[in-house]
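Here are some notes for a colleague who is opening this structure for the first time. Please keep the sequence and the 3D view at hand while going through the points.

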Amino acid sequence: MISVLIPVKDGGSDLVRCLQAIAAQKVDDQVEVVVVDSGSSDGSAKRARELGAAVHEIPASEFVHGATRNLAARLSKGDVLVFTTQDAIPATDHWLARLVAALDGDGVVGAYGRQLPHEDATPPEQFFLDFMYGASPRIQRLRGIEELSFEQTLFSNVNSAIPRSVWEASPFRDDVTMSEDQEWSRRMLLAGHTIVYEPEAAVRHSHAYTLRGAFRRFYDSGASAGRSYVAGEESRAALRRAFRRYAVGELRWLWRTGRRRWIPYAAVYELAKLAGLQLGLRKKDVTSRV
């Protein structure tokens with residue numbers, strides 16, 4: 001059995017599309033959907049039940065990214081745990097089969113798939129998703145701690161799969177408010193295991209952040225990273241350098257692809273994200289947000 005696990009808060013029409021696309025998957029295994037709803041006020045829990053999901057409700061104050069996903073896993077029955085989000089819509093009817101098949105391999109403890117932008121996504125968001133989740137498959141392994149980097153440890157619970165036996169031995173950290181997936185992948189890779197990226201297992205998932213929203217998102221990400229998987233000033237400096245290389249690459253891409261009118265906005269947008277990241281990395285704690 002495959003268990004698809006979804007944390008939900010006011011999922012609205014996105015949640016309906018997500019659950020309908022999961023129900024349409026062509027896969028040989030039995031599939032269950034487990035939703036943990038953290039205080040929705042828009043009827044999401046009722047809708048999820050009507051669409052066949054098992055729903056467990058918790059107060060919004062109890063939501064933590066790592067702990068809530070661990071709770072969903074404990075409530076499930078499947079041999080394979082698939083993690084996704086309420087606003088991630090499977091791009092094809094073979095998404096689930098491709099994602100689960102990527103776990104077949106020696107030493108593979110986790111697999112994650114591509115994230116495609118929605119049609120109305122802004123050019124900066126399109127570049128971000130293509131940069132992070134491109135068209136080429138890859139196998140991620142480490143030979144030592146000196147190879148640690150954000151790119152090498154990339155893993156996303158927007159679209160991931162983990163065998164239950166692996167999760168039982170190495171669950172997410174309950175106290176990680178964000179980036180629980182990155183912290184988990186770091187631990188697994190340092191232990192000598194393998195993670196697979198399978199672009200054929202694609203979902204559509206993108207955000208239209210305002211400048212303020214981008215700052216806050218990267219502030220939270222930086223704060224979580226500073227507590228969980230980015231250790232020491234050298235590691236923080238390497239992350240900041242990688243971010244700057246990314247921003248320069250985005251501006252060049254906008255110029256090369258004829259989206260030049262977006263360059264002023266993208267420059268300010270990336271500065272907002274960098275400022276949030278830097279301030280977040282300096283903070284020892286962060287308030288959980290869904």
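1. A word on terms comes before anything else: helices here are DSSP runs of H or I with at least four residues, and they are numbered from the N terminus. With that in mind, Thr68 can be placed in helix α3, which covers residues 65–75. The model is a predicted one, and the remarks below should be read accordingly.

2. Taken as a whole, the protein contains 10 helices and 9 strands, and of its 290 residues 52% are buried. Among contacts with a separation of 6 or more, 78% are between residues 24 or more positions apart.

3. Is Thr68 of helix α3 buried or exposed? Its relative accessible area is 3%, and because buried means under 20%, Thr68 counts as buried. Leaving aside residues up to four places away in sequence, Thr68 touches Pro7, Val36, Ile58, Glu62 and Phe63.

4. Turning to the surface, the protein exposes about 13,600 Å², of which carbon and sulfur atoms supply 51%. Which residues form a nonpolar patch there? The patch is made of Leu211, Tyr265 and Val268, which together have about 220 Å² of accessible area.

5. Within that patch, Val268 deserves its own remark: Val268 lies in helix α10, which spans residues 263–281. Its relative accessible area is 43%, which falls between the cut-offs of 20% and 50%, and therefore Val268 is described as partly exposed. The same value is over the 30% that a residue of a patch needs.

Methods:
Residues are numbered from 1 along each chain as its sequence is written. This is a predicted model: local features need pLDDT of at least 70, side-chain atom pairs count only at pLDDT 80 or more; totals for chains, interfaces and linings use all residues. Side-chain values use heavy atoms; hydrogens and water are left out. Helices (H or I, at least four residues) and strands (E, at least two) are DSSP runs, numbered from the N terminus. Buried means under 20% relative accessible area, exposed over 50%, partly exposed in between (1.4 Å probe, protein chains only). Contact means heavy atoms within 4.5 Å. Accessible areas come from the Shrake-Rupley method with a 1.4 Å probe; for residues, only the protein chains shown count as cover. Patches are made of residues with over 30% relative accessible area and no salt bridge: like charges are joined within 9 Å, nonpolar side chains (Val, Leu, Ile, Met, Phe, Trp, Tyr) within 5 Å. A salt bridge is a side-chain nitrogen of Lys or Arg within 4 Å of a carboxyl oxygen of Asp or Glu.
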